[in-house]
Amino acid sequence: SSDHKKLLLVAARFYRSKLSLDSVAVSYLKERGISGEIAAKFHIGYAGNSWNNLKEVFNDYDENSDLFHVGLIKKSESGNKVFDRFRNRIIFPIFNKNGEVIAFGGRTIVDDNNAPKYLNSPETDLFVKSKELYGFFDAQRFIIKSQFAIVVEGYFDVISMHQAGFKILLAL
């Protein structure tokens, strides 16, 4: 729904605003060779190391809220608390072909054997992982022009190759 898209856009802007405030996150991106310009182009953000970062921008923070339905928050195992899905992660907004934020991917910046390296939004009415290609919105005009695309493994592959001038890359 359009309400869910607006909510995801607010979240993307929030994560984007937090990136420059965290020196560890910025250093991590620099180590990966990602420039500030390309980070801005792909709207890369950062989710802080808190269980409820999103409370800064959303008042409706419970299991009945739209935040829960779009996968930004989730229930604890006991089911009596909700918390942010993304914590202490570089955040990659996932855009549909029209340039609307429909989901997020998050990459941990601290090695932790208890946490997955990459974490994606769950599937929702807006996001069906098997039907989306990361980077398609940015690459589509270049793909049409060149009549082919290159599919790579992940977010950083798409972004770093785009930064190097190869703009026909997509990730599954």
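**Exercise 1. Asp60 and its surroundings**

Asp60 sits in the loop between S1 and helix H4 (66–69); work out whether Asp60 is buried, partly exposed or exposed, and which residues beyond its sequence neighbours it touches. Keep in mind throughout that this is a predicted model.

*Solution.*
- Start with the accessibility: Asp60 comes out at 45% relative accessibility. Partly exposed covers the range between 20% and 50%, so Asp60 counts as partly exposed.
- Next, the contacts. Leaving aside residues up to four places away in sequence, Asp60 touches Ser65 and Leu67.
- Finally, try a distance: from the C-alpha of Asp60 to that of Arg107 you get 26 Å, with the two positions 47 residues apart along the chain.

**Exercise 2. What holds the attention of Asn96?**

Find where Asn96 lies, and list which polar contacts its side chain makes.

*Solution.*
- Locate it: Asn96 is in the loop that links strand S4 (89–95) to strand S5 (101–108).
- Check the accessibility: a value of 11% puts Asn96 under the 20% cut-off, so it counts as buried.
- Now look for polar partners. The Asn96 side chain reaches the backbone nitrogen of Asn98 at 2.9 Å. With Glu100 the link is side chain to side chain, a polar contact of 2.8 Å.
- Then go further along the chain: once residues up to four places away are set aside, Asn96 touches Ile102, Glu132 and Phe137.

**Exercise 3. Two residues with positive phi**

Take His43 and Gln147: where does each one lie, and how accessible is each?

*Solution.*
- A bit of background: most residues other than glycine have a negative phi.
- His43 has a positive phi of about 60°, and it is not a glycine. Look for His43 in the loop between helix H3 (36–41) and strand S1 (45–47). Its relative accessible area is 38%, so His43 is partly exposed.
- Gln147, also a residue other than glycine, has a positive phi near 70°. You'll find Gln147 in the loop between helix H5 (136–146) and strand S7 (150–152). With a relative accessible area of 66%, Gln147 is exposed.

**Exercise 4. Val151 and the chain end**

Which element holds Val151, and which residues does Val151 touch once those up to four places away in sequence are left out?

*Solution.*
- Val151 belongs to strand S7.
- Its relative accessible area is 48%, which makes Val151 partly exposed.
- With the sequence neighbours left out, Val151 touches Leu170 and Leu172.
- For Leu172, add the spacing: it is 21 residues from Val151 in sequence, and the C-alpha atoms are 7.1 Å apart in space.

**Exercise 5. Zooming out**

Describe the whole chain: how many helices and strands does it have, and how does its radius of gyration compare with the globule rule?

*Solution.*
- Count the elements: 6 helices and 8 strands. Read from the N terminus, their order is α-α-α-β-α-β-β-β-β-β-α-β-α-β.
- The radius of gyration is 16 Å, close to the 16 Å that the globule rule gives for 172 residues, so the chain is as compact as a globular protein of that length.
- For overall dimensions, the C-alpha trace spans about 50 × 35 × 25 Å along its principal axes.
- Of the 172 residues, 43% are buried.
- Among contacts with a separation of 6 or more, 59% are between residues 24 or more positions apart.
- Carbon and sulfur atoms own 50% of the accessible surface, which totals about 9600 Å².
- Last, the charges: the mean positions of the 23 positive and 20 negative ones lie 5 Å apart.

Methods: Residues are numbered from 1 along each chain as its sequence is written. This is a predicted model: local features need pLDDT of at least 70, side-chain atom pairs count only at pLDDT 80 or more; totals for chains, interfaces and linings use all residues. Side-chain values use heavy atoms; hydrogens and water are left out. Helices (H or I, at least four residues) and strands (E, at least two) are DSSP runs, numbered from the N terminus. Buried means under 20% relative accessible area, exposed over 50%, partly exposed in between (1.4 Å probe, protein chains only). A polar contact is a pair of N or O atoms within 3.5 Å; within protein, one must be able to donate a hydrogen and the other to accept it, and residues adjacent in sequence count only if both atoms are side-chain atoms. Contact means heavy atoms within 4.5 Å. The radius of gyration is taken over C-alpha atoms; the globule rule is 2.2 Å times the number of residues to the power 0.38. Accessible areas come from the Shrake-Rupley method with a 1.4 Å probe; for residues, only the protein chains shown count as cover. Lys and Arg count as positive and Asp and Glu as negative; His and the chain ends are not counted. The place of a charge is taken as NZ of Lys, CZ of Arg, CG of Asp or CD of Glu.
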